[in-house]
Amino acid sequence: MIYVNEIGTYASSIVSFFIFEGVPYETVKLILMLPIIATLIAFFRQVVGIKAFGIYTPLIITFAFLATNGLKYGIAIFISVIFMGMLMRFVLKPFRLLYLPRVAIMLTVVSILILGVLTFGGNMRRTGLASVSIFPILIMITLVEKFITVQIEKGNKAALVLAMETLFISILGFFIASSPFLIRLVITHPWVILLTIPVNIILGKWTGLRISEYWRFKEIIKKM
Amino acid sequence: MFSYIKKSRKILGMNSRNLEYIRAYNLKENRVLADDKLLSKRVLKKNGITVPDLIAKIKNHDELEKFDWQSLPASFALKPNRGFGGEGIIVVYGKKKERDDAWIKADGSLITIEDLKTHIRNILDGSFSLAGTPDIAFFEERLRLLKLFKPYAYKGIPDIRVIVFNKVPVMAMMRIPTRESQGKANLQQGAIGVGIDLASGITTTAVLGKGKLIDYVPGTRMLLSGIRIPFWNDILDLSVRAQIISGLGYLGTDIAIDKENGPVIVELNARPGLSIQIANLAGLKERLERVENIKIKTPKRGISLGMNLFGGEVEEEVEEISGRKVIGTVEKVRLIGKEEKEIEVEAKIDTGAGLTSIDTTLARELGFGKTIDEFQKQEFPADISTEEARMLDSKEKQRLLKEIPDIVDTAIIRSSHGTSYRPMVKIAFIMNDVKITAKASIIDRSNLKFPIIIGKKNLGKFLIDVNKIINLSK
């Protein structure tokens, strides 16, 4: 038996096996996509020099985007969360709170904000926004902790840059993971995800300058 | 394009640093030492390396409650043990008068015991530590800013980062806190990084924050190149010895110079940043590769190797670039007076004085006897207020300039002895092969060590190096 997906792709026998054993097609697709997105993030860090918030955050945000109904709602929620994180830092600064209570207050405020955004969306007849499922929203809310940690360590500006990098990688990841070509590839030839291992070994041994470093050190190269 | 890539191979990037240097030369067990400030302090001290004195430490909330605040001195620095990037550090400069529960911070604001307690609770909870793990807070002595650095640094204290690899100092920079970095000597936060020539300890090029090349301290006319870092050999020696003690093959040492105790190691860094390359406008990778496989027996050998390989003829270079000669605080000068009369004396270089002044007797020898006699005939009062002197000057100046021979100007000079009204004559002097024409005020300096001081107005063509000692036999 061979599974045929919504765009008429014939899945490989192993993928069909997963699906007929009861694993939902969407889940199989996303799990097979995960190593590719992870490798993409590693590539961006090691070769291009785009850092983002580590590997986990952009990965999970990518999947949150995939799970929200359309990219624009995902981006809207992402930006609201980051914006609130920045605003609250100034609001909470004079109180000099300990770390965890401070994060808890942030989460509270962000939750209220998100609820507001969703209601507003519903009110504007943007039903797509209001019907976003809870898990991607939770993922986005927890983004605020990552943001605060970086804010404390490296300051507002650096945190904002990293947030934007995360957003960039996640958007790119979203398009890659929803490209029909790649979906067809992982469904028909699921073993290609094993290729990410040698690719990552090469990335892990890569000692050349990152593309961003050519820019960072341009004055030195000029003076040599 | 091809040469661009070839040149870029001399630069150390993040990937290479992590994989080929930190991973390869800094074992985890040794990295632990660098990340634990109290531990590295103890180990360094035991091995005879000067570190800032520890005043007290607070390990947990219980100790915090029992802490005797009155045992703290008037000034101290409070730090998290595993802090990074200068975060979480509070420095106080003195106790508030008539209050035993408050100190004064760098910006003049007050900090009370309650404030300190909240801050320490944050430290204990790990707000400033890597990965947010619970931490220890400690108090250490406050380092006092060297006078030389005062005009450059905003609030905080500059420190010197030296990268040592395989017992060889390979690159160094001075980090100067700015308004933008809020007194922290951290480039990421907007401090200034100034490259240092390894052989001489003289600063070269400078970068503001992450990548903006600058010549002056922003908002001032303080030139950043040509500063000679005092105790340079000691700084390199401390760094190399610290590297050997720490067991870290690739180490960044942070050294501050205390006004009284000289250079001390503030921190060891097992993952030193890459911006030092921009401050020096030189690639680190090329340097590391050159010393990687050399067997070096003693710190001394390592230092002289580093100086020879990576130091330039910077003194001449500074003079060449700036077009200015480097002089010390005392210099021999050849004075040229009236009718080309030449006298050689030792002059004090005094940037605290605006104008050059010479001693009466010396002025007479230079041929200004008549000028002095005529001026003294006026019988102006010797000790007057500045206000009176101004009145006197506006009334008498024109007449004096007309009547007294060789007088070119008058000067009202305020000093610790009070205000004096003085005649000025035109002299020339040759210092370090540069001829300067100057207006000098004449005053009795017979009870002072130097018969002439050279003031700011006539020092524009020189860079002053406080460590340079003149060779009197020359």
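**Salt bridges and surface patches in a predicted model**

Biologist: Which residues of chain B are linked with B:Glu65 in a network of salt bridges?

Modeller: Welcome to the tour; keep in mind that this is a predicted model. Side chains of opposite charge can pair when their charged atoms come close. In the network that holds B:Glu65, the other linked residues are B:Glu114, B:Lys117 and B:Arg121.

Biologist: How many salt bridges does a search of the whole structure find?

Modeller: That network is a good start, but let's look across the whole model. Over all chains, the search comes to a total of 30.

Biologist: Which residue forms a salt bridge with B:Arg175?

Modeller: B:Arg175 lies in strand E8 (residues 168-176) of chain B, and its partner sits in strand E12, so the pair ties together parts that are 79 residues apart in sequence. Both partners are buried. Their closest N and O atoms are 3.1 Å apart, and the partner is B:Asp254.

Biologist: Is B:Arg161 buried or exposed?

Modeller: B:Arg161 meets B:Asp254 in a salt bridge of 2.6 Å, N to O. The two are 93 residues apart, with B:Arg161 in strand E7 (residues 159-165) and B:Asp254 in strand E12 (residues 250-258) of chain B. Buried means under 20% relative accessible area. Because B:Arg161 has 5% relative accessibility, it counts as buried.

Biologist: B:Arg82 forms a salt bridge with B:Asp36, so which class of exposure does B:Arg82 have, given its relative accessible area of 31%?

Modeller: The closest N and O atoms of this pair are 3.6 Å apart. B:Asp36 counts as buried, at 13% relative accessibility. The partly exposed class lies between 20% and 50%. Because B:Arg82 has a relative accessible area of 31%, it is partly exposed.

Biologist: Which residue of chain B gathers with lysines of chain A in a patch of positive charge?

Modeller: On the surface, A:Lys51, A:Lys154 and A:Lys157 belong to this patch. The chain B member is found in the loop between strand E10 (203-208) and strand E11 (212-214). It is partly exposed, with a relative accessible area of 49%. The residue is B:Lys210.

Biologist: How much accessible area does the nonpolar patch with A:Trp191 have together?

Modeller: A:Trp191 is found in the loop between helix H8 (180-188) and helix H9 (196-204) of chain A, and at 52% relative accessibility it counts as exposed. Its patch partners are A:Leu194, A:Leu195, A:Ile197 and A:Ile201. Together they have about 560 Å².

Key:
Residues numbered from 1 in each chain as written. Chains lettered and ligands numbered in written order. Predicted model: local features only at pLDDT ≥ 70, side-chain atom pairs only at ≥ 80, totals over all residues. Heavy atoms only, no water. Patch = residues over 30% accessible without salt bridge, like charges linked within 9 Å, V, L, I, M, F, W, Y side chains within 5 Å. Areas by Shrake-Rupley, 256 points an atom, 1.4 Å probe, with all protein chains shown as cover. Salt bridge = Lys/Arg side-chain N within 4 Å of Asp/Glu carboxyl O. Lys, Arg positive; Asp, Glu negative; His and termini not counted. Charge placed at Lys NZ, Arg CZ, Asp CG, Glu CD. Helix = DSSP H or I, 4+ residues; strand = E, 2+ residues; numbered from the N terminus. Buried < 20%, exposed > 50% of the residue type's maximum accessible area, 1.4 Å probe, protein only.
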